[in-house]
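Here is a walk through one chain, residue by residue in places and element by element in others. Keep the viewer open while you read.

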Amino acid sequence: MDIIRSTYSFAFSSHSRLSRWLLCPLLFAEAFLCTLIIKKVPYTEIDWKAYMEQVAQYQAGERDYALIKGGTGPLVYPAGHVYIYSFLSDLTHQGADIVAAQYLFMGLYLATLAMVFMVYREARAPVYILPLLALSKRLHSIYLLRLFNDPFSIFLLFAAIYCWQKRQWTLGSVAYSLSVGVKMNTLLALPAVAVIYLLACGRDKAIKQAVIMAQIQFLLGTPFLGSAPKSYITKAFEFSRQFMFKWTVNWRFVGEKTFLSREFSLGLLAVHAVLLFGFIVTRWKKPSQRSFTSFLSLLLDPATGLEDHQISQRVSPRYILTSVLTANAIGMLCARSLHYQFYSWLAWGAPYLLWRSGLGPLWVAGLWAAQEWAWNVYPSTNESSGAVVGVLALMVVGSWWGSRGEVEEGVDQLEEDEESGSEDEGAGAEGRKTK
């Protein structure tokens, strides 16, 4: 009976961190599965050749984004994408060695899994949601059989989250800016990131971190900004980009006429703004323990002394992860068009957000399965697109409901860590005391 209780507590409790020894068998099993997929499942060409054609032009000396094109169209990603795929081109004989590229992406997949595991561990996520990270057919396809660029930006985003959870703010700024410098989808998290920096660092330090992020973007784009700045800015960060109805995964059920209408686009933008505002007012400002207007006053009159320290301490690892993932989910819910590779934006955080909703394990697993099914229906149908939007909406609502006591939980966890001594920081803290 004690064994059963211990096993149940181990799998479902959020009061203790995930044991690190779980990571090795998880990675080993995934490495075996990934190798099997590469060997047994045919590779599908979508964007890889176009990426290689584009970077070949960059390597030949072209620096005008308007003139860099591939089989699928012009180059529409920031400079970080160009540098990464130039490196991959060199490692794969200008893209000809697809198998080598697949194994490189397998390494990226395993590195992302390890990073997400550590992020979950810091947020005290329960063990039972871990298998949901490794069971996605669509996610394996995106990494191993499609070779899209989204996985690079997502790895850097989770690296940034881990740095923020460990209160390494400058490293987090670098990782986050590099993520945006690969693909601008991670800008969806920016509203939550801004609130986190304001509360954890204070106004002045937050501004310094924003400057660091901007400097990194400038450094990444320097070769192109020096030659054709307008082309780089308008192509690499093309906010007005239109997507075709036939490829959409999410809003197909509204019909093509509605999908393409300006009213629908503006409506989604308005909902996006309302949801972000609602979360800021009711959830994300909570570490400040101020009214909304008083919270806004931190921009003009920053907290000092004890209050500043207390606000910063309430920005817990769980609060950070929940806020960033929720901002991303809100952005995806309100996006007019999602494509299949965009599932990598969602899949790594979905188990956590479903758990944070407060729903039981069966509901979490069921909603995850519905989401997985919907993203594997090709081409999308009214039913599958409805499921995509429905689960995303439930994640957002569930995150709002489940995070109502998150700040208090986070403070309790920080106090427990200080009493017991963190495995990661104990030695460093002792060293600092000695100094």
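Leaving aside its neighbours within four places in sequence, which residues is H81 in contact with? They are Y51, Q54, L75, N149, G181 and V182, where contact means heavy atoms within 4.5 Å.

Before going further, a word on what you're looking at. This is a predicted model, in which local features need pLDDT of at least 70 and side-chain atom pairs count only at pLDDT 80 or more, while totals for chains, interfaces and linings use all residues. Residues are numbered from 1 along each chain as its sequence is written, and side-chain values use heavy atoms, with hydrogens and water left out.

**The chain overall**

Mean pLDDT (the predictor's confidence in each residue, from 0 to 100) is 90 for the chain, with 89% of residues at 70 or more. Residues 422-435 are another story: pLDDT stays under 50 there, and the model gives that stretch nine contacts beyond four places in sequence.

You'll find 23 helices and two strands in the chain; these are DSSP runs numbered from the N terminus, with helices being H or I of at least four residues and strands E of at least two. Of the 435 residues, 53% count as buried, meaning under 20% relative accessible area, as opposed to exposed at over 50% and partly exposed in between (1.4 Å probe, protein chains only). Take the contacts with a separation of 6 or more: 80% of them come from residues 24 or more positions apart. The chain exposes about 19700 Å², and carbon and sulfur atoms supply 65% of that (Shrake-Rupley method, 1.4 Å probe; for residues, only the protein chains shown count as cover).

**Back to H81, then on to S153**

H81 sits in helix α4, residues 79-91, and is buried with a relative accessible area of 0%. Its side chain makes a polar contact of 3.2 Å with the side chain of N149. Polar contact here is a pair of N or O atoms within 3.5 Å; within protein, one must be able to donate a hydrogen and the other to accept it, and residues adjacent in sequence count only if both atoms are side-chain atoms.

S153, in helix α8, also counts as buried, at 0% relative accessibility. The S153 side chain reaches the backbone oxygen of D150 at 2.9 Å. Not counting residues up to four places away in sequence, S153 touches S179, V182, K183, N185 and T186. V182 turns up in the H81 list too.

**Helix α7**

Why is α7 (residues 137-146) largely enclosed by the rest of the structure? Because nine of its 10 residues are buried. Those are R138, L139, H140, S141, I142, Y143, L144, L145 and R146. Their cover includes α2 (23-40), α5 (98-122), α6 (131-134), α8 (150-165), α18 (343-347) and α20 (361-375).

At the start of α7, a side-chain oxygen of S136 comes to within 3.0 Å of the backbone nitrogen of L139. After the helix comes L147, with a positive phi near 60°. Inside α7, S141 has a relative accessible area of 9%, and its C-alpha atom is 9.0 Å from that of Y43, 98 residues apart along the chain.

**The core**

The largest nonpolar core has 138 residues, and W164 and W348 have the most contacts inside it. A core of this kind is a set of buried Ala, Val, Leu, Ile, Met, Phe, Trp, Tyr and Cys residues joined through side-chain atoms within 4.5 Å. Helix α5 gives the most to this core, with 15 residues. Beyond four places in sequence, the residues W348 touches include Y109, T112, L113, L139, Y143 and F158.

**Backbone oddities**

Most residues other than glycine have a negative phi, and most peptide bonds are trans. Two non-glycine residues with positive phi are worth a look:

| Residue | Phi | Loop | Relative accessible area |
|---|---|---|---|
| H93 | about 55° | between α4 and α5 | 54%, exposed |
| R124 | about 60° | between α5 and α6 | 3%, buried |

There's a cis peptide bond as well, from Y378 to P379, with omega near -10°. P379 lies in the loop between α20 and α21 (382-402).

**Cysteines**

With a disulfide taken as a pair of cysteine sulfur atoms within 2.5 Å, the count comes to zero. C163 is buried at 16% relative accessibility, and C334 is buried at 8%.
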